[in-house]
Amino acid sequence: MADPAMEAALARAYNRWIGEYCAGAPDRIKAVGIVPQRSMQACAAEVAFLARESWAVGIMTFGNLDGMLADHPYFDPLYRAAQGADLPICFHGGTDRPPFAPGREDVGNNLFMMHLTGHVWHQMRAMAAAVGGGLLERYPRLTMGFFEGGISWVAWWAERMDGHWGFFARHTPHLARKPSEHMRGERCFYTFDPDEELLAEVMRQMGAGRLMWASDYPHFDARFPDAAEIVVNNPRLDAAEKRAILGENALRFFRRIKT
């Protein structure tokens, strides 16, 4: 939305609606909230609202607005408020409307290309900006998750960022560690699609504690109703790895969920 007040009102309306939905089974259903982006004052106020809601376990954001990427100081009030509320940041790939993710509006009017590239390219950009921009140094208690982009490419992206960090250190003044150390650390998490062929390889590169199962329900390409069974029946994963990626890691990421 171009109008900050309208955007803030829509965010609050959505958060009230999802709160009412979760209230149908408050011990079982939780959700992430959304926050306005056009006004950081309104954004911080919405984080404060979410912090008081028992259903709210995270905050979804695109990580870009008007050419400003995830590490831009403009977004600092969001990260500061989220850290204080113990609400993890959930980076998502955006939609087919502004603010566009890369690979959405620049691949022609071709849904095959838009769906193929949009989420992955956006997550690459969000990861590089968030990690390279030193958000984890600047906010030492902030946890970040990267959602709905798949997992197969993540290990390669971590290696590529490591290779570039040494040559472009002056462009990453806040980054004090190799990018891959952050990406394998305790405060970065990633979702995966249940039928990814390279799941086992990436999990062992990034660590079994970093990955979270995502059903993608009710989207047309979700493997419903057997999304969880695909992971359970994966012969390349052991029982401990399955427990971690099917539930334990999500509880570590969404720390406000009490069991």
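Helix α4 takes a bend of about 35° at Thr117, where the bend at a residue is the angle between axes fitted to the seven residues ending there and the seven starting there. This is a predicted model, so local features need pLDDT of at least 70 and side-chain atom pairs count only at pLDDT 80 or more, while totals for chains, interfaces and linings use all residues. Residues are numbered from 1 along each chain as its sequence is written, and side-chain values use heavy atoms, with hydrogens and water left out.

Bend or no bend, α4 (residues 111–132) has 22 residues and spans 31 Å from its first C-alpha to its last, close to the 32 Å expected at 1.5 Å a residue; the expected span is 1.5 Å times one less than the number of residues. Helices (H or I, at least four residues) and strands (E, at least two) are DSSP runs here, numbered from the N terminus. At the N-terminal end of α4, Asn110 acts as a cap, with a side-chain oxygen 3.0 Å from the backbone nitrogen of Phe112. That is a polar contact in the sense of a pair of N or O atoms within 3.5 Å; within protein, one must be able to donate a hydrogen and the other to accept it, and residues adjacent in sequence count only if both atoms are side-chain atoms. Just after α4 comes Gly134, with a positive phi of about 75°.

On to the sheet. Six strands make up an open sheet with parallel pairing, in the order β1-β2-β5-β6-β7-β8; two strands pair if DSSP finds at least two bridges between them. At the edges sit β1 (31–34) and β8 (211–213), each pairing on one side only. On average, neighbouring strands of this sheet are turned by 35° against each other, direction ignored. β1 and β2 (residues 56–61) pair in the parallel sense over four bridges; in β2, Ile59 is the bridge partner of Gly33 and Met60 that of Ile34. The covered face of β1 carries Ala31 and Gly33, whereas Val32 and Ile34 are on the uncovered one. Helix α3 (residues 76–85) lies across β2 and β5 (89–92) and runs at about 135° to β5. Axes are lines fitted to C-alpha atoms, for helices over the stretch in contact, and angles run from 0 to 180 degrees between N-to-C directions.

Now for the backbone oddities. Most residues other than glycine have a negative phi, and most peptide bonds are trans. Asp86, in the loop between α3 and β5, goes the other way with a phi near 60°. Asp86 is partly exposed, with a relative accessible area of 30% (buried means under 20%, exposed over 50%, partly exposed in between, with a 1.4 Å probe and protein chains only). Glu148 also has a positive phi, about 70°, although it is not a glycine. Glu148 sits in the loop between β6 (144–147) and α6 (154–165) and counts as partly exposed at 23% relative accessibility.

Glu148 turns up again beside Asp216, which is in contact with Glu148, Asp221 and Ala222 once neighbours within four places in sequence are left aside; contact means heavy atoms within 4.5 Å. Asp216 is buried, at 17% relative accessible area, and belongs to the loop between β8 and α9 (227–232). Pro218 is found in the loop between β8 and α9, joined to Tyr217 by a cis peptide bond with omega of about 5°. Pro225 has its place in that loop between β8 and α9 as well, and the peptide bond from Phe224 to Pro225 is cis, with omega near 10°.
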